[in-house]
Amino acid sequence: MSSSSVRQVDVAILGGGASGALVAAHLLDRVDAAPSVALVEPRTALARGAAYSTGRDEHLLNVRAAGMSALNADPGHFVAWLQRQPAHAGVEPAALAPRFMPRREYGAYLAALLEAAPAADRLQRVAAMADGITPAAAGYRISLADGGRLDARSVVLAIGNLAAPLPLAGADALDPEQVVEAWDYGAVAAIDGDADVCIVGAGLSMVDAVVTLHANGHRGRIVALSRNGLLPLAHTVAAPAAGDWAALLPLGVRARLRSLRAWAAHEAEAGRPWQGVLDALRPHVQALWTAWPEVEQRRFLRHAVRQWDIHRHRIAPEVAAVLGMLAADGRFVLHAGRARALEPGARPRIRYRRRGDGAEAVIDADVVVNATGMEKRVTRARSPLLQDLLAQGLVRPGPHGIGLDTAADGALHDRDGRPLPGLWTLGALRAGSLWESIAMPELRGQALQVAEAVRARLATPVPESQAQLAQAP
């Protein structure tokens, strides 16, 4: 329904991607006493977000189907859903579980989960962008970019990953056809097959761009530039390695890295893949992060984060095989260096300082792809909503300026560190506090936790502090 017809709901969820859809599904999972829920999302398709909005077959999940259930209580839920789809009719669960499925199928799965919620008729779709929130006597008033307003007693910020801008002086002077955002999957697919392409960044967004160019039969040169020159590594078949992860808790960054290398070497000597070590740590990453004092967390962010990322956020073996083939043929080249500036022209030129010898170098291309990924620092985020909340003091940046500061249940803290009644977040905006906060095991747990907190809030009278806050100048 249109935003102008919405006036009052129990819960407003700002963002209709994976995290917002999961919170809504949990809130609507029972017919009796289900709250009225408004899902505020300008995009046509719900439950997709940046990751799952792709329609490209070559964009695969980075986790096997067996690990991608959206429900903590039902680990086989995604595989069971796949079995019911015509494309997988007759395929046994044991054959589906180890596959890396196309991300478009996972987006369809999340949308189906929301549509099947028992109280789905209590969901109102608001096809607009929220750009402001102010306290009101009964909760919050949300302003919408189309001029509408929405009143809600409880609000959930589920805005997902925010794209980082291209961090190069001169980028704003490029012609629109010369620069493409990696998350704009249609624009990447439309790149001329003979164009020389420079991709800034070497993470998962870069991988998406390269495999799409390859799928389109790209003939031009593909060059990527990243500060460290490291690519995401591949998954393999490995059971979680046996070991005492808790022994890592009291160790600082350097000591932990030494222990992890020794653990991986032990696995290799036994003929087992190193990936099993990371899989053993996977459920405990938040505990390992929060056990560090601030100084060790900063040391990790300065010196070890990229090594962690390429080992932790691995890619499907078939995707890694495409990258390896293109690199072996010379059709894909990765340079390591710090980008310094971008000179516009008929063929944009990127100047960078090479890693290692510090020499000046250049890359000339027809098209520049921004694959720098997620903007972690909220003060830099290109989000009117977040900037409005920061300006009012309703929220404050999280540890190290990453995401927003939250309580244990996802409740947001104001500028003075006080939990803000009736306002929660989940996912990427909690990364500063939890570090591991964007993958499905974390999202599905946080979505359930937030939904339960919202239910408890709706079952109690409006706190006097909230009414006082609404009356403050």
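Visitor: How far apart are the mean positions of the positive and negative charges of the chain?

Guide: Happy to start there. This is a predicted model, and in it the mean positions of the 50 positive and 47 negative charges are 5 Å apart.

Visitor: What secondary structure does the chain have, and how does its radius of gyration sit against the globule rule?

Guide: The chain comes to 17 helices and 15 strands. Its radius of gyration is 23 Å, close to the 23 Å that the globule rule gives for 473 residues, so the chain is as compact as a globular protein of that length. If you are setting up a box in your head, the C-alpha atoms fill roughly 65 × 55 × 50 Å along the principal axes.

Visitor: What do burial, surface and contacts look like for the whole chain?

Guide: Of the 473 residues, 50% count as buried. The chain exposes about 20500 Å², and carbon and sulfur atoms supply 54% of that area. For contacts, take those between residues at least 6 apart in sequence: 70% of them join residues at least 24 apart.

Visitor: How many aromatic pairs are there, and how do I read the geometry of one?

Guide: The structure holds eleven aromatic pairs. Look at F300 and W435: their ring centres are 5.6 Å apart and their planes stand at 90 degrees, so this pair is edge-to-face, the cut-off for that class being over 60 degrees. The two residues are 135 apart and link distant parts of the chain, with F300 in helix α11 (residues 294–303) and W435 in the loop between α15 (431–434) and α16 (440–458). F300 is buried at 6% relative accessibility, and W435 is buried as well, at 12%.

Visitor: Which residues do ring pairs link into a cluster?

Guide: Those are Y52, F78, W81, Y106 and Y109.

Visitor: How should I read burial along a helix, and which residues of α12 are buried?

Guide: The general idea first: an α-helix has 3.6 residues a turn, so residues three or four places apart point the same way. Now the case here. In α12 (residues 305–312), the buried residues are V305, R306, W308, I310 and R312. They pack against α9 (275–281), α10 (285–290) and α11.

Visitor: Let us try single residues. Is H59 buried or exposed?

Guide: H59 is buried, because its relative accessible area is 1%, against a cut-off of under 20%. You will find H59 in the loop between α2 (49–52) and α3 (77–83). Leaving out residues up to four places away in sequence, H59 touches T54, M101, P102, R103, Y185, D208, V211 and T212.

Visitor: Where is E375, and what does it touch?

Guide: E375 sits in the loop between β13 and α14 (384–392). At 15% relative accessibility, E375 counts as buried. Beyond residues up to four places away in sequence, E375 touches L162, A163, A164, P165, R380 and A381. From C-alpha to C-alpha, E375 and I402 are 8.8 Å apart in space, with their positions 27 residues apart in sequence.

Visitor: And where does D366 lie, and what is its relative accessible area?

Guide: D366 is in the loop between β12 (360–364) and β13 (367–370). With a relative accessible area of 25%, D366 is partly exposed. Its contacts, again not counting residues up to four places away in sequence, are Q178, D194, A195, D196, R347 and P348. The C-alpha atoms of D366 and L230, 136 residues apart along the chain, are separated by 24 Å.

Technical notes. Residues numbered from 1 in each chain as written. Predicted model: local features only at pLDDT ≥ 70, side-chain atom pairs only at ≥ 80, totals over all residues. Heavy atoms only, no water. Helix = DSSP H or I, 4+ residues; strand = E, 2+ residues; numbered from the N terminus. Rg over C-alpha atoms; globule rule 2.2 N^0.38 Å. Buried < 20%, exposed > 50% of the residue type's maximum accessible area, 1.4 Å probe, protein only. Contact = heavy atoms within 4.5 Å. Areas by Shrake-Rupley, 256 points an atom, 1.4 Å probe, with all protein chains shown as cover. Lys, Arg positive; Asp, Glu negative; His and termini not counted. Charge placed at Lys NZ, Arg CZ, Asp CG, Glu CD. Phe/Tyr/Trp six-rings, centres within 6.5 Å; stacked < 30°, edge-to-face > 60°.
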